[in-house]
Amino acid sequence: MTRFAGWLLALCASAALAQAARTPAETVDAFHTALRNKDTAAALSLLDRSLVVYEFGAVDPTAESYAFRHLPFDMDVAVATAWKLESRRTGGEGNERWVLSTYRVTGRQLDGTPIDQTTLETVILRRTGGLFRIVHFHWSTSDAAFQARAQSQRRQEEKP
Amino acid sequence: MHAGHDDVRVEAALKRSPGKVTALGSVYSFEAKPLRAPAYVPNELRGWRLTVLKGERFGAAFQVESNTESRITVAPANGSLDGIAVGDLFIVEETAPQSPQ
């Protein structure tokens, strides 16, 4: 098989990943799988164009903003760490659903510092064209020190 | 290469080059400007994956067939660049083809 044929198959697999995600929880899991697989197109295919992201005190007001500013870094973190699902609740009805999850996130930073924290995730999804897509993420952590450092850093970035 | 996620620093999962469309070309090429370098090195992106991050073709992915300092040409088999517009943002990532799951 040529490299190009393999690449074409990968594109088809990305599309299949999006199409295969049927339930809200499966859609959330597919997003995390796409990040871990370093599959940008598959991750984007699971996002509604009206996406708004709240992440550790920062706001991405559009899907484009998230895709450009933070998705690559989220992919790096997803590849460098292990995310173990610890709890999940789902709800909503009709075309509007929510998925609440907590994950134990472990790994190591570049300098060897261990990463070991609980990440809290709220996801709101909307069904359009028969498929659930993500319209909102909110990530935070139970690690108060981490949260404080992240928010402080965001405030510094926002100063003119 | 390092990547930052708030105060978490981890290894970058991929080599990346974000860019902006500066002019339209043929159905398979466009003029572009890298956002982290003054220009592309000719054919440094050959075989890399290009994903549109802003614009009508949001989320569309292509394989780069070749590039000059300022022009990117994608492989025809992924379809045309129809819908791409000046000002659209994209990212090019060095990644090997993934096996279907």
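In chain B, residues 24 or more positions apart account for 57% of the contacts with a separation of 6 or more, two residues being taken as in contact if their C-beta atoms, placed from the backbone, lie within 7 Å. The structure is a predicted model, in which local features need pLDDT of at least 70 and side-chain atom pairs count only at pLDDT 80 or more, while totals for chains, interfaces and linings use all residues. Residues are numbered from 1 along each chain as its sequence is written, with chains lettered from A and ligands numbered from 1 in the order in which they are written.

Chain B has zero helices and eight strands, where helices (H or I, at least four residues) and strands (E, at least two) are DSSP runs numbered from the N terminus. Of its 101 residues, 40% are buried, a residue being called buried if 20 or more other C-beta atoms lie within 10 Å of its own, exposed if 12 or fewer, and partly exposed in between, with C-beta atoms placed from the backbone. Six strands of chain B close into a barrel with antiparallel pairing, in the order β3-β4-β7-β6-β5-β8, and two strands are counted as paired if DSSP finds at least two bridges between them. Neighbouring strands of this barrel sheet are turned by 50 degrees against each other on average, direction ignored; axes are lines fitted to C-alpha atoms, for helices over the stretch in contact, and angles run from 0 to 180 degrees between N-to-C directions. Within the barrel, β3(B) (residues 16-24) and β4(B) (residues 29-34) run antiparallel and are joined by five bridges, and B:Val21 has B:Ala32 in β4(B) as its bridge partner.

Chain A contains six helices and six strands, which follow one another along the sequence in the pattern α-α-α-β-β-α-α-β-β-β-β-α. Buried residues amount to 33% of the 160 residues in chain A, and of the contacts between residues at least 6 apart in sequence, 49% join residues at least 24 apart.

The six strands of the open sheet in chain A are arranged in the order β2-β1-β6-β5-β4-β3, with mixed pairing. Because β2(A) (58-60) and β3(A) (81-93) stand at the edges, each with a single partner strand, one side of each is left without a neighbour in the sheet. Neighbouring strands of this sheet are turned by 15 degrees against each other on average, direction ignored. The edge strand β3(A) runs antiparallel to β4(A) (residues 96-108), to which 12 bridges join it, and A:Lys84 stands opposite A:Arg104 in β4(A). Helix α2(A) (residues 24-36) lies across β3, β4, β5 (114-128) and β6 (131-141) of chain A, running at about 35 degrees to β4(A).
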